[in-house]
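Student: I should like a close look at the interior of this model, beginning with its enclosed spaces. Please carry the account from there to whatever is connected with it, and give the reasoning where it can be given.

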Amino acid sequence: MGKIIAVANQKGGVGKTTSVINLTAGLGKSGKKCLLVDIDSQGNSTSGLGINKREVEISTYHLLTGDERAAEAIVKTEFKNVDLIPSSIDLAAAEIELVELSERTLRLRQALAPIRDQYDYILIDCPPSMGLVTLNAFSACDSVIVPIQCEYYALEGLSQLMATIKQVKRLYNPVIELEGILLTMYDSRLKLTEQVEEEVRSHFPDKVYRTVIPRNVRLSEAPSFGMPAIYFDQNSRGAKAYLELTKEFLKKYRVKKK
């Protein structure tokens with residue numbers, strides 16, 4: 001049965017989508033069969049994997065509202081071992097529509113259950129907010145990866161997110177746990193970066209990835225070509241960091257399974 005991992009941070013602009021795209025692509029390159037589920041109405045993971053958002057017919061919106069089955073929504077990408085359930089602009093309405101539906105926090109879990117055993121990993125790109133759509137991801141997943149930018153408010157947002165995970169664990173999903181914290185947009189020249197890293201690692205000693213993701217132009221350029229950075233320019237600093245993260249993730253997961 002595949003492991004489901006939500007990649008989330010209620011703050012935007014922290015490298016969340018870049019991280020989920022490149023980790024998924026890295027796992028695929030490593031021989032793992034992966035599905036990326038885009039539940040962000042901006043659809044950046046969808047376009048970042050080369051799929052035209054305007055041409056999407058069945059999206060995660062239809063899964064959440066119960067109109068379509070997950071198997072019908074899966075799109076093959078051109079990247080090794082990577083499938084996608086795309087997002088569409090309709091997803092912006094899901095927050096409102098879900099309020100009226102039964103089991104409104106469990107609909108993504110129910111939708112993914114029939115296809116779960118087809119994949120080694122299912123990664124969910126969450127919207128940068130803590131609404132019903134993100135709660136659906138937290139109710140469906142085994143664990144959460146939190147990308148955080150090394151800046152002043154990072155720990156404040158992290159503590160709020162941990163409180164939400166704790167509540168979801170109590171109310172909807174007893175197995176959810178923190179998979180890991182990923183430091184992004186890392187600039188070793190800044191004193192603040194060093195201070196934030198030190199504080200995060202002291203608060204979560206076993207959960208912060210050793211690999212850090214640097215600020216890198218190629219990471220910013222790759223989405224406009226509809227490619228993960230590890231395909232766009234595998235020799236760039238950013239791509240190398242994500243490939244290193246993939247190795248660390250797989251090694252950590254192997255240890256956990258033992």
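Tutor: In this predicted model, three cavities of 30 Å³ or more are counted. The largest of them has a volume of about 60 Å³, and the second largest has a volume of about 40 Å³.

The lining of the largest cavity is made up of Asn9, Lys11, Val14, Ile148, Gln149, Glu151, Tyr153, Ala154 and Gly157. Two elements give two or more residues to this lining, namely β6 (143–149) and α8 (154–171). Sorted by class, the lining of the largest cavity holds four nonpolar, three polar and two charged residues.

The second largest cavity has another set of residues around it: Thr18, Ile21, Asn22, Gly48, Leu219, Ala222, Pro223, Met227, Pro228 and Ala229. Here helix α1 (residues 16–29) makes the greatest contribution, with three residues. By class, seven of the lining residues of the second largest cavity are nonpolar and three are polar, while none is charged.

One lining residue of the largest cavity leads to the surface. Tyr153, which lines that cavity, also belongs to a nonpolar surface patch together with Tyr152, Leu190 and Leu192. The accessible area of these four residues together is about 460 Å². Leu192 lies in helix α9 (residues 191–203). Its relative accessibility is 35%, and Leu192 therefore counts as partly exposed.

Helix α1, already met at the second largest cavity, leads in turn to the charged pairs. General chemistry first: side chains of opposite charge can pair when their charged atoms come close. In this model 14 salt bridges are counted. One of them joins the side chains of Lys16 and Asp40, with an N to O distance of 3.7 Å. Lys16 belongs to helix α1 and Asp40 to the loop between β2 (34–38) and α2 (44–48), so this pair ties together parts that are 24 residues apart in sequence. Lys16 is classed as buried because its relative accessible area is 7%, under the limit of 20%. Asp40 counts as buried as well, because its relative accessibility is 3%. The pair also has a further partner: Lys16, Asp40 and Asp125 are linked in a network of salt bridges.

A second pair that links distant parts of the chain is formed by Asp142 and Arg116, whose side chains meet in a salt bridge at 2.5 Å, N to O. Asp142 is found in the loop between α7 (132–140) and β6, and Arg116 in the loop between α6 and β5 (121–125), 26 residues apart. Asp142 and Arg116 are both buried. Helix α7, which comes before the loop of Asp142, is itself mostly covered, with nine of its nine residues buried. Those buried residues are Leu132, Val133, Thr134, Leu135, Asn136, Ala137, Phe138, Ser139 and Ala140.

The salt bridge between Lys76 and Asp83, at 3.2 Å from N to O, has partners in contrasting surroundings. Lys76 counts as exposed because its relative accessibility is 59%, over the limit of 50%. Asp83, by contrast, has a relative accessible area of 4% and is therefore buried.

The strands that hold these two residues also frame an unusual backbone angle. As a general rule, most residues other than glycine have a negative phi. Asn81 departs from that sign, with a positive phi near 60°. Asn81 is placed in the loop between β3 (75–76) and β4 (82–85). With a relative accessible area of 29%, Asn81 is partly exposed, because this value falls between the limits of 20% and 50%. Glu103 likewise has a positive phi, near 45°, and is found in the loop between α5 (94–99) and α6 (107–112). The relative accessible area of Glu103 is 49%, so Glu103 is also partly exposed.

To draw the account together, helix α1 contributes to the lining of the second largest cavity and holds Lys16 of the pair with Asp40. Tyr153 has a place both in the lining of the largest cavity and in the nonpolar surface patch. Strand β6 gives residues to the lining of the largest cavity, and the loop between α7 and β6 holds Asp142, which pairs with Arg116.

Notes
Residues numbered from 1 in each chain as written. Predicted model: local features only at pLDDT ≥ 70, side-chain atom pairs only at ≥ 80, totals over all residues. Heavy atoms only, no water. Patch = residues over 30% accessible without salt bridge, like charges linked within 9 Å, V, L, I, M, F, W, Y side chains within 5 Å. Areas by Shrake-Rupley, 256 points an atom, 1.4 Å probe, with all protein chains shown as cover. Helix = DSSP H or I, 4+ residues; strand = E, 2+ residues; numbered from the N terminus. Buried < 20%, exposed > 50% of the residue type's maximum accessible area, 1.4 Å probe, protein only. 1 Å grid on protein atoms, 1.4 Å probe; cavity = no way out; pocket = protein on both sides within 12 Å on 5 of 7 lines; lining within 4 Å. Points joined across faces, edges and corners; volume = space filled by probe spheres on them. Nonpolar A, V, L, I, M, F, W, Y, C, P; charged D, E, K, R; others polar.
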